[in-house]
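Take a look at the chain below. This report walks through its overall build, its interior and a few unusual backbone spots.

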Amino acid sequence: MDMSQPIGSTPLDAKPDGLVGRGIDRIEGRLKVTGAAPYAYETRELKNPAYGMIVEAAIARGRIRAIDLTAARRAPGVIHVMTHENAPPQGKKKEQVGPVLKGPEIVHFGQPIAFVVAETFEQARAAAALVRVDYERAEGRFDLRAAMPAAIVPKQVASPPDSSLGDFEGAFAAAAVKLDVEYTTPVQTHAMMEPHATIAGWDGDRVTLYTANQMLNRGQVSLASVLDLPVENVRLVSRYIGGGFGAKLQPQADAVFAALASRVIGRPVKVALTRQQEFHGSTRRSDTIQRVRLGSDAEGRLSAIAHESWSDTTSGDDFYETSANVTRSLYAAPNRLTRHRLAHLDLPLSSAMRAPGEAVGQLAFECAMDELAERLGLDPIELRVRNEPSEDPEKKVPFSTRQLVPCMREGARLFGWEKRGAPGSIRDGQWLVGLGMSAAARLNPLQPSSASLRLERDGSLTVRMAMTDIGTGTYTILAQIAGEMMGVPVDRVRVELGDTLFPKAAGSGGSWGAASAGSALYVACDDLRRRLAEKAGLDPAAAAFADGRISGGGPSVALADLAGEGIEVTGEIKPGDLNKRFSQYSYGAHFAEVGVDIDTGEVRLRRMLGVFTGGRILNAKTARSQAIGGMIFGVGAALTEEVAIDGRFGTFVNHDLAEYHVPVHADIPAIDAVFLPELDDKANPLKSKGLGELGICGAGASIANAVHNATGIRIRDYPLTLDKVLRGLEERDGGAQLRRT
Amino acid sequence: MKAFRYERPASIEEAARLAADRPNARFIAGGTNLLDLMKLQVETPATLIDVNRLPLGRVEATPDGGLRIGALVRNADLAAHPRVRSEYAVLSKALLAGASGQLRNKATTAGNLLQRTRCYYFYDTTKPCNKREPGSGCAAIGGFNRIHAVLGASEACIATNPSDMNVAMRALDAVVETVAPDGAARQIPIADFHRLPGDTPQTETDLRPGELITAVTLPKPVKGVHLYRKVRDRASYAFAVVSVAAIIDKEGDKVGAARLAFGGLAHKPWRVEGAEAALVASGRADDAADAVLRGARGQGGNDFKIPLARRTLRAVVAEATRA
């Protein structure tokens, strides 16, 4: 099936209170909480693995003059030490996955420069510390602002880096009310619980990798390229994944090293990145500098919108933050301009992190809207309502669905938005209290996927696909889809994921996982329903599936009685042209209440609400978890998360979880997410939309706007740490003298 | 981590003797800091002497009405101890403001006294650090130094002591009890226990080689409102940017007596008795702050700590005198 036509009525529409949508517990939850679900590093299929440890460069730019391995090789238990001098030949870089240990050149701090393999983990780690390196140091570039003049127009990947419509400059110059502001966001790290980890083993010229990876078929192709193997000789297995957030979209050095070393020593090799190594040895979200210009008339109708963004990555790579992409479709204005520029720095590779583009873009843009609303004396919701477009303002096509205004209105009602006062006007003890809001929007993509579905002899179902569940609930929603379509309870549906031996699937990323994998399975179910109806001599259109039986007028038949030796079907979904004929996004609105300590500038979230639309909700519980998880990411982005760069060394200074501050439980009090009813018949046969990233989009901006509402202080440099708030409080208080106790 | 010898002595005397006999030996109790440092090879002891089974886990009353806390009393247990909660509330509050529940269950009183700095550069063995590698330099000076010291720092080191407990102990005038390898017992007032970095930032305490902490003694309770205000970057599980331990006793509307100790500002818990006198004399927090922050100097990234300490002190004094 491809999505070239809107979807008509489906069996899922027939039962609004059916299995799909119900907030059932994760079907693999018990395995996980009892420790019985093996993650990559814990799998036991490959026997007697040796342990690897990556050695990282201690400089950011320069060359290795010499490596002395004498001590490392002599250390207890050491089996092999790999460097650029003895690394096996490798194939070509594919996407962001390249050969390791290519040569003596160092292009960023923490670049892998050696791989030590030993009998135990402790021996490998101890020996890794004995690798002695003589470096020739060179000057590096680590500062995005300094590199702005040399920034380039990035290569077009999915979307053009620049866009324009009408005459932005002219309209902005003529606008009655103007805003021209710059926002900055820092480098961030994914900080998922499970680090990158792989166990690799060979059988002749075929390699199997048990690895923490979000997109197995993509990873299979890139690893085949780097390892110079036919794609079918590479098998990836990733059954359980402890979070990815984009860090595991592509295989990292752990996978390449494990495969290479295993081949050299003729024995499986396992390796995981240490938490510290995750910061430099994996990918990151780039820092950004963003300029937003808004021009409107006195009533707040926008005539001109410009959003420009600068980000950076390692030399030779093309990844950039698409910060302004969402701005192209969010609000109406006849004159528009977006621009992305990319600087090449001697820092680790930038890549996707939860809602690449939107997450940082809306941190800037949704605050700029708040600033404009204040300048106009308008409620921020009203400003957005006045600029609600009737069609996609740049693509000039209709929206498939768009309920941004209902989300804002319902959120305002539920949250008590009317209690919001003038900036700095509400006090509760030591706290200055403020409310803020933001819109949320995230592109809704569909990716090609396939699924096999087998009706077993006993009437149970088995679903197989090379899909992954990165903690989102994919196992569960697939069981719900198959169960409801086939009239079988969830505990009679076996879902097997995470293996490239299974039919190709999109994997988890870009908010497309549930829609793509779920739709492939839907198509397979549709096919199986037809076949079973025909077998039962029923009209497929009239056949009903319930309680493990098929019926249609006459007596019902048990599925088991029709199964014979088992019936297997495959379903496939592909995007069609509906995503070009319609503008497809998930939408929402965030509402945050913060307290700002009047003495210390500490910002604490008091409550937060997200109201979203994401088409059909497949599981109320896992959907809510995705939404609030994204919102919590937004809390971190707004208040605490920053990878600090030491500009002298090109090092990420706070490279551990003690000093890179993600929100902890105490930072997240009352938080909730609700979904408005919606079905999107242009999106996919499930009529659902992606939710994995919607929650983060705009979330941080609602908090920054609440901080402004609490204090009257506008901070345009994320995160809003207490030192930045304090500066504003000190200025407001007119220095230390005025408020003597 | 480097391979190390592991010893588990049965008595205090044996522990101290082992420490004297074995070069480069370290005691280990909770290990919540030491093990992390060993994994990174910031610490590379040749021998670990596990003191967990020594009889040092009791909290008992002293004859003069104080409290003697065994070296191995866990932070969680100490914070929950009824007398600590009621009579030494500043200590209970400081302990509960630190780390996480899991860490407090493991971390010990003596270990907390010896907790090492969180300076990023101390943890990064690719960077110079006089504390880790004497004579190599200080990367924090001129670097990212948001969490560093504004008082008592030196050209060699601008690290801070990260402990919350230590700040409360300083306000309470705790005394550290030790046993030397030769069996000699010693009592070290908390004021002398931690050192400023000077030219030897690698030496953080007054402890001599092989000397084992056996207990911490608190004098009899100090009357007044006990407060511990920890300013931090998130609501829990973050080290103090600035903290204030305060015991303030009101006489009518005035401050009758005060004890004020500060965390996050220096290489040791910072207490200036002149500041306490100033607060009693004028009743104004800013007079105390002037005395505390005399000579304070920022390093760029941490300049904000100077106004922050002043403002936090104002808030604490206001809260104590309002109560």
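A residue counts as buried when its relative accessible area is under 20%. By that rule, 63% of the 741 residues of chain A are buried. Keep in mind that this is a predicted model.

**Overall build**

Chain A has 20 helices and 30 strands. Its C-alpha atoms fill a box of roughly 80 × 80 × 50 Å along the principal axes. Does the chain's spread agree or disagree with that of a compact globule? A compact globule of 741 residues would have a radius of gyration near 27 Å, and chain A has 27 Å, so the two agree. Contacts reach far along the sequence. Among contacts in chain A with a separation of 6 or more, 82% join residues 24 or more positions apart.

The accessible surface comes to about 26,000 Å². Carbon and sulfur atoms account for 51% of that surface. Chain A carries 85 positive and 90 negative side chains. The centres of these two sets lie 1 Å apart.

**The interior**

In soluble globular proteins, nonpolar side chains tend to be buried together. Here, the largest nonpolar core has 87 residues. Those with the most contacts inside it include A:Leu294, A:Phe591, A:Met608 and A:Tyr718. Which helix gives this core its largest share? Helix H11 (residues 358-376) does, with 11 residues. A second, separate core has 56 residues, among them A:Leu446, A:Leu461, A:Ala482 and A:Ala543.

**A cis bond beside a core residue**

A:Tyr718 deserves a second look. Beyond its neighbours within four places in sequence, A:Tyr718 is in contact with residues including A:Tyr183, A:Pro186, A:Leu363, A:Cys367 and A:Lys724. The peptide bond from A:Tyr718 to A:Pro719 is cis, with omega near -10°. A:Pro719 is in the loop between helix H19 (699-711) and helix H20 (722-732).

**Two positive phi values**

Most residues other than glycine have a negative phi, and most peptide bonds are trans. The table lists two non-glycine residues with positive phi.

| Residue | Phi | Loop lies between | Relative accessible area |
|---|---|---|---|
| A:Glu95 | near 50° | strand S4 (78-83) and strand S5 (105-106) | 41% |
| A:Asp228 | about 60° | helix H7 (216-227) and strand S12 (234-237) | 61% |

Is each one partly exposed or exposed? Exposed means over 50%, and partly exposed lies between that and buried. At 41%, A:Glu95 is therefore partly exposed. At 61%, A:Asp228 is exposed.

Technical notes
Residues numbered from 1 in each chain as written. Chains lettered and ligands numbered in written order. Predicted model: local features only at pLDDT ≥ 70, side-chain atom pairs only at ≥ 80, totals over all residues. Heavy atoms only, no water. Helix = DSSP H or I, 4+ residues; strand = E, 2+ residues; numbered from the N terminus. Buried < 20%, exposed > 50% of the residue type's maximum accessible area, 1.4 Å probe, protein only. Core = buried A, V, L, I, M, F, W, Y, C linked by side-chain atoms within 4.5 Å. Contact = heavy atoms within 4.5 Å. Rg over C-alpha atoms; globule rule 2.2 N^0.38 Å. Areas by Shrake-Rupley, 256 points an atom, 1.4 Å probe, with all protein chains shown as cover. Lys, Arg positive; Asp, Glu negative; His and termini not counted. Charge placed at Lys NZ, Arg CZ, Asp CG, Glu CD.
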